[in-house]
Structure formats: structure tokens, C-alpha cells
Amino acid sequence: MDRGLVQTNPEECKGCGLCTEACPPKVLRLSDRLNRYGYHPAEYIGAGCSGCGLCYYACPEPGGIRVLRRAS
């Protein structure tokens with residue numbers, strides 16, 4: 001069972017990849033599509049989030065990522 005949920009904001013993401021590198025379960029990737037600024041934004045693969053929040057702290061963009069923890 002997933003312990004968390006990642007919500008990314010593709011229009012705030014600059015495609016730096018810091019969140020994808022910081023994610024222990026490796027559930028984030030850079031999208032194949034481009035956002036309106038021409039960057040490949042990070043996206044959640046949809047399952048496997050541990051809720052640790054490391055991606056949130058690694059992201060340099062305010063509002064780029066939110067991590068929600070599921071109630072146990």
C-alpha cells in the first residue's frame with residue numbers, strides 16, 4: 001500500500017531532475033511531453049510513494065511538488 005501521494009505542477013517545473021534523483025522508491029520521472037516553457041516536467045508514475053517528502057525538499061521551485069501522506 002502506498003504511504004503517500006505526489007502531486008506535481010507541470011507548469012512550475014523546470015525539468016532539473018533533482019526530485020527524480022532524490023526519490024528513494026524512484027516513482028518520479030521526467031515526462032516525454034513539454035510544458036509551456038519548453039521543459040520536460042517531473043511526473044508521478046501513479047503508485048509506490050513512501051510519503052518521505054525528499055522530492056519536495058529537493059525541488060527548487062516553490063509550488064512545484066506537493067507530498068501528501070496517507071492516513072495509516
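In this predicted model, lysine 26 turns up in the loop between α1 and β2. Its backbone is a bit unusual to look at: phi of lysine 26 is near 55°, a positive value in a residue other than glycine. With a relative accessible area of 48%, lysine 26 counts as partly exposed, because the exposed class begins over 50%. Proline 24 belongs to the loop between α1 and β2 as well, and it does pass that mark, since its relative accessibility of 52% makes it exposed. From proline 24 to isoleucine 65 there are 41 residues along the chain, and 16 Å lie between the two C-alpha atoms.

Next come the charged side chains. How many salt bridges does the model hold? The count comes to 3. One of them joins arginine 36 to glutamate 11, with 3.2 Å from N to O. These two residues belong to distant parts of the chain, 25 residues apart: arginine 36 lies in the loop between β2 (28–30) and β3 (42–44), while glutamate 11 lies in the loop between β1 (4–8) and α1 (18–22). Arginine 36 is exposed, at 62% relative accessibility, whereas glutamate 11 is partly exposed, with a relative accessible area of 28%.

Another salt bridge pairs lysine 14 with glutamate 61, and here the closest N and O atoms are 3.7 Å apart. That still makes a salt bridge, because the cut-off is 4 Å. Again the partners come from distant parts of the chain, this time 47 residues apart, with lysine 14 in the loop between β1 and α1 and glutamate 61 in the loop between α2 (54–58) and β4 (65–69). Are the partners buried, exposed or something in between? Lysine 14 is partly exposed at 32%, and glutamate 61 is partly exposed too, at 23% relative accessibility.

Glutamate 43 and arginine 29 also form a salt bridge, their closest N and O atoms being 2.8 Å apart. This one runs between two strands, with glutamate 43 in β3 and arginine 29 in β2, 14 residues apart along the chain. Arginine 29 has a relative accessible area of 44%, so it falls in the partly exposed class.

Lysine 14 has a further contact besides its salt bridge. Which ring does the charged end of lysine 14 sit over? It is the ring of tyrosine 37, with 5.4 Å to the ring centre.

As for rings meeting rings, the whole structure has 1 aromatic pair. Tyrosine 56 and tyrosine 57 make up this pair, with ring centres 5.2 Å apart and 80° between the planes. The arrangement counts as edge-to-face, because that class takes in planes over 60 degrees apart. Tyrosine 56 is partly exposed, at 44% relative accessible area, and tyrosine 57 is exposed, at 66%.

Then there is the empty space inside. Rolling a probe the size of a water molecule over the atoms is a way to see where such space is left. In this model the search finds 2 cavities of 30 Å³ or more. The largest cavity has a volume of about 110 Å³. It is lined by 16 residues, and those closest to its centre are Cys13, Lys14, Cys16, Cys19 and Cys59. So lysine 14 shows up once more, this time in a cavity lining. By class, the lining of the largest cavity splits into 9 nonpolar, 4 polar and 3 charged residues.The second largest cavity has a volume of about 70 Å³. Which residues line the second largest cavity? Val6, Cys23, Pro25, Val27, Cys49, Ser50, Gly51, Cys52, Gly53, Cys55 and Val67 do. The lining of this second cavity has 8 nonpolar and 3 polar residues, and no charged ones.

One more residue rounds off the picture. Glycine 17 sits in the loop between β1 and α1. Is glycine 17 buried or exposed? At 10% relative accessibility, glycine 17 is buried. Its C-alpha atom is 9.3 Å from that of histidine 40, and the two residues are 23 apart along the chain.

Conventions:
Residues numbered from 1 in each chain as written. Heavy atoms only, no water. Helix = DSSP H or I, 4+ residues; strand = E, 2+ residues; numbered from the N terminus. Buried < 20%, exposed > 50% of the residue type's maximum accessible area, 1.4 Å probe, protein only. Phe/Tyr/Trp six-rings, centres within 6.5 Å; stacked < 30°, edge-to-face > 60°. Lys NZ or Arg CZ within 6 Å of the ring centre and 35° of its normal. 1 Å grid on protein atoms, 1.4 Å probe; cavity = no way out; pocket = protein on both sides within 12 Å on 5 of 7 lines; lining within 4 Å. Points joined across faces, edges and corners; volume = space filled by probe spheres on them. Nonpolar A, V, L, I, M, F, W, Y, C, P; charged D, E, K, R; others polar.
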